[in-house]
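Please take me through this model in the viewer, starting with the whole chain and ending at a single side chain. At each stop, say what to select and what is there.

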Amino acid sequence: MQRHTITLAALLLLLAACTNSTPPAVPDATAAQLAHVEPLSWWTGMKCPLQLLVNGEGISSCDVSIAGGRGVKVEAVHKAESPNYLFVDISVSPNAEPGTYWLVFDNGSESFRYAYEIAAREDGSAQRSSFTTADLVYLIMPDRFANGDPTNDDTPDTAEKADRSREGGRHGGDIQGIIDHLDYIADLGATAIWCTPLLLDDDSRGSYHGYACADYYKIDPRFGDNELYREFVDQAHQRGIKVIMDIVTNHSGTRTHWWADDLPFNDWIHQWPEYTGSNGCFSTEMDPNASARDLAGMDSGWFTGGMADMNLDNPYLLQYFKQWAIWWIEWSGLDGFRVDTYPYNEKVPMSEWCKAVTDEYPNFNIVGECWTGSVPQLAYWQKDNPNKDGFNSNLPSIMDFPLRDAATSVFSERGGRPRTLYNAFANDFAYQDLSNMLIFPGNHDTDRAGDIAGKNPERFKAMMTLFATARGIPQILYGDEMMFTSSDLRQGHGGLRVDFPGGWEGDEFDLFTEEGRLAADTDFDGSAIEKGMRQDVYDYCRTLFRWRKDADVIHNGRTLHFLPEGSGYGYFRYDDDEAVFVFINVSSENETKVPWSNYAEFTGGLGEGVNVITGEPAVVSDATVVPPLGTLVIEYKR
């Protein structure tokens, strides 16, 4: 805690307070004295308490006071185990004056100051909207999307250099490349963008993925900078596109984060006598019979040796992450979070983290990656699920891996049974909030949807039809709109995270343009494809996505489905005013008839509808034939 001796700095502080905003007459802090003060700034009118992490050589010997406007004061100062940290509780009253304040540090022999901004909060910030079932999420791996600024491919202060010849290397894509193609994304019908992490990852290899954070408040300079990120969010909003930030609370760069060699507390990360990886067994978190050993192995073991496992049971770290999340929302104008490796975190602190974010922003959506094919184990992680152990995650949205597993089985090259899809949706009874399920045919960690479909355009279209019309929030991976496939599956993630052709100067084809899509005749593995295939798949997906954008019956309607007969799966999305009939023939060999009379409990009075893909009038009957891998999406007024 602070000492209560009267020093020269204290007298200067009193003088500064009397003159409102006059800076204290002490020197500015040097980089050696103050290396980090986080969060970088704050706002008036926030619910979340403000606790500054202050890092500098020997800073723990200092008293801390604050000068500037009115309504802001130091409440308490906490020392860490390392002498190079302080945690400073700052009280910001409801009527505090926005402006520049001055943190004054005094170690008894010298004093120095640091300017800290307390800004006015934007009107309506707390009530901001977020991503919902009305959105289609476009997932981008920035390093592989488009290189809008070749001058930042390599920077003197980062280790790994760009090398497009290496599947697992950095390729040079950046934030400017995304900004340059926002019109393309908007025209496609996507209304939200999820970028894999853009914060600094300074590992010497594989840093392009961004999941080994080296600075939680700094955009990787090879992607741009903080101001460019804020511009990206603003430019996206101008086009009606929301922005979802991918964040990682479970781990940071083992050797590269700025605190790696000098942790505030020994338990800032999980420490083991020797390296211990997580057992990755999510079931321990809800298993009433689980041992303490196995529970500890799940959430305290490391995800990988290259990423230190954070200990959210440390209250200072938990508060740090709460403020970090809120800072990025408020500062850049974010619309949502995706949380990586969610169940690997300590579950109770993460529940507190989610609540802190949603208390600040009641409409804000957070989706957690809970990678399991078990329906009840996935349902456990969603907010307000009636768990027998009483646990409430406060996590609004979960990623529907069981549905993806079912679709992967049905739409794979070897084919599957349509009843697999029926059974997947029959499990909807287990979920607390179907509207907050993120549904997807694939993402940056899975096989690409085009690979699953065996490069068959019709099979691929059938799969995309399912995800565009099912309950939940659909997400596609960049390039899915043209059935991108992997370059070399033997290369793992590096092979599936292909560059978007046209995103780099000198690319043979520019698939951001119709001309390029029509001309493309080579797949990512070098094999030949039919000219015009990319445009054909793109046209189908674009038509479907743009229609979905305004289809409230898909966003908010109920589902009625029927047991498949033969190779066809049929279902209705409906509300009081509209209905959409979807029929998918999963067979690659046989046509099938629609068993329309079997749907009589619902179809009475539907009459003529409109084919969503062709725009033409459509009447469905028992005589309607659907070709192999064919689909019907028919819209009706009720």
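Start with contacts along the chain: of those with a sequence separation of 6 or more, 72% join residues 24 or more positions apart. The model is a predicted one.

Next, show the C-alpha trace of the protein. Along the principal axes, the C-alpha atoms fill a box of roughly 95 × 55 × 50 Å. The radius of gyration is 27 Å, which agrees with the value near 26 Å for a compact globule of 638 residues.

Switch to a cartoon: the protein has 17 helices and 28 strands.

Now turn on the surface. The protein exposes about 24,500 Å², and 48% of that area comes from carbon and sulfur atoms. Buried residues account for 61% of the 638 residues. Colour by charge next: there are 50 positive and 95 negative charges, and their mean positions lie 3 Å apart.

Then select histidine 181. This residue sits in the loop between helix 2 (175-180) and helix 3 (182-188). Is histidine 181 buried or exposed? Histidine 181 is buried, because its relative accessible area of 16% is under the 20% cut-off.

Extend the selection to the contacts of histidine 181. Leaving out residues up to four places away in sequence, histidine 181 touches Phe145, Ala146 and Phe512. Phenylalanine 145 is 36 residues from histidine 181 in sequence, with a C-alpha to C-alpha distance of 9.4 Å.

Last, add glycine 177. Its backbone oxygen is 2.8 Å from a polar atom of the histidine 181 side chain.

Technical notes:
Residues numbered from 1 in each chain as written. Predicted model: local features only at pLDDT ≥ 70, side-chain atom pairs only at ≥ 80, totals over all residues. Heavy atoms only, no water. Helix = DSSP H or I, 4+ residues; strand = E, 2+ residues; numbered from the N terminus. Rg over C-alpha atoms; globule rule 2.2 N^0.38 Å. Buried < 20%, exposed > 50% of the residue type's maximum accessible area, 1.4 Å probe, protein only. Contact = heavy atoms within 4.5 Å. Areas by Shrake-Rupley, 256 points an atom, 1.4 Å probe, with all protein chains shown as cover. Lys, Arg positive; Asp, Glu negative; His and termini not counted. Charge placed at Lys NZ, Arg CZ, Asp CG, Glu CD. Polar contact = N/O pair within 3.5 Å; in protein donor to acceptor, adjacent residues only side chain to side chain.
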